[in-house]
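Let's take a walk through this protein together. Have the sequence and the 3D view at hand, and we'll go piece by piece.

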Amino acid sequence: MKVVFNDLVVIAHVGDQFYAFGNVCPHVGGPVGEGLLDDCIVECPWHAGQWDVRTGRALTILATKDLPVFDVRITGDDIEVSLDERVLTQGSLALSRDSTL
């Protein structure tokens, strides 16, 4: 796994595919990309929440919601990730941006 885009996105290589997903754990904002990757399952290093990197689907109770996933395209030697607003509204980032919470 490689953390990119100001520590907000993770690129993972699983089998012969690349996947991109949010790096902010929705539980308490942990750095998901610093966790363990076992096949297509990533585990947050802080509290062991787990997600499927292919879909972003939460797999454990501490994975309190799905991670955003982003389209990936390989162009020559480059890995291109198509980001959208979800990159800025993930995990605790969303809380810090909304003062009404």
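What is the mean pLDDT of the protein chain, and what share of its residues reach 70 or more? This is a predicted model, and its chain has a mean pLDDT of 90, with 89% of the residues reaching 70 or more. One stretch to treat separately is residues 95–101, where the pLDDT is below 50. Beyond near neighbours in sequence, that stretch has 3 contacts in the model.

Now for the strands. Let's start with an open sheet of 5 strands, which you can trace in the order β1-β2-β3-β7-β8, with antiparallel pairing. At its edges stand β1 (2–4) and β8, and each has a single partner strand, so one side of each is left without a neighbour in the sheet. Going from one strand to the next, the twist averages 30 degrees.

Let's cross this sheet from the β1 side. Strands β1 and β2 run antiparallel and are joined by 3 bridges, and here Val4 stands opposite Val9 in β2. Further along, β3 pairs with β7 (residues 69–75) over 2 bridges, again in the antiparallel sense. Look for Ala20 here: its bridge partner in β7 is Phe70. Then β7 is joined to β8 (residues 78–82) by 5 bridges, with the two running antiparallel. In this pair, Ile74 stands opposite Ile79 in β8. The hairpin of β7 and β8 has 2 residues between the strands, and Gly76 in this hairpin takes a positive phi near 65 degrees.

Positive phi values turn up elsewhere too, so here's a bit of background: most residues other than glycine have a negative phi. Go back to the loop between β1 and β2, where you'll find Phe5. Phi of Phe5 is near 50 degrees, a positive value in a residue other than glycine. Asn6 is found in the loop between β1 and β2 as well, and has a positive phi of about 55 degrees although it is not a glycine. As for accessibility, Phe5 counts as partly exposed at 41%, while Asn6 is exposed, with a relative accessible area of 68%.

There's another sheet to find. This one is open, has 3 strands and follows the order β4-β5-β6, with antiparallel pairing. Its edges are β4 (36–38) and β6 (50–52); each has a single partner strand, so one side of each is left without a neighbour in the sheet. The twist here averages 25 degrees from one strand to the next. Strand β5 (residues 41–43) is joined to β6 by 3 bridges, and the two run antiparallel. Within that pairing, Val42 has Trp51 in β6 as its bridge partner.

That pair leads us to the inside of the protein. Which residues touch the most other members of the largest nonpolar core? They are Phe21, Val32, Val42, Trp51 and Val53, in a core of 15 residues. The elements giving two or more residues to this core are β2 (9–14) and β3 (17–22), and β2 provides the largest share, with 3 residues. A general tendency fits in here: in soluble globular proteins, nonpolar side chains tend to be buried together.

Zoom in on Val32 for a moment. Not counting residues up to four places away in sequence, Val32 touches a long list that includes Met1, Phe21, Val42, Pro45, Trp51 and Leu67. Apart from the largest core lies another one, of 7 residues, among them Val9, Ala20, Val24 and Phe70. You've met Ala20 and Phe70 already, as bridge partners between β3 and β7.

What about the polar residues: is Asp52 buried or exposed? Asp52 sits in strand β6, and at 9% relative accessibility it counts as buried. Leaving aside neighbours within four places in sequence, Asp52 is in contact with Cys40, Ile41, Arg57 and Leu59.

Our last stop is Gln90, in the loop between β8 and α1 (91–97). Gln90 is buried too, with a relative accessible area of 2%. A polar atom of the Gln90 side chain lies 3.2 Å from the backbone nitrogen of Val24. Not counting residues up to four places away in sequence, Gln90 touches Leu8, Gly22, Asn23, Val24 and Pro68. Val24 also links back to an earlier stop, as one of the residues in the core of 7.

Notes:
Residues numbered from 1 in each chain as written. Predicted model: local features only at pLDDT ≥ 70, side-chain atom pairs only at ≥ 80, totals over all residues. Heavy atoms only, no water. Core = buried A, V, L, I, M, F, W, Y, C linked by side-chain atoms within 4.5 Å. Buried < 20%, exposed > 50% of the residue type's maximum accessible area, 1.4 Å probe, protein only. Helix = DSSP H or I, 4+ residues; strand = E, 2+ residues; numbered from the N terminus. Contact = heavy atoms within 4.5 Å. Pairing = 2+ DSSP bridges. Axes fitted to C-alpha atoms, helices over the stretch in contact; angles between N-to-C directions. Polar contact = N/O pair within 3.5 Å; in protein donor to acceptor, adjacent residues only side chain to side chain. pLDDT = per-residue confidence, 0-100.
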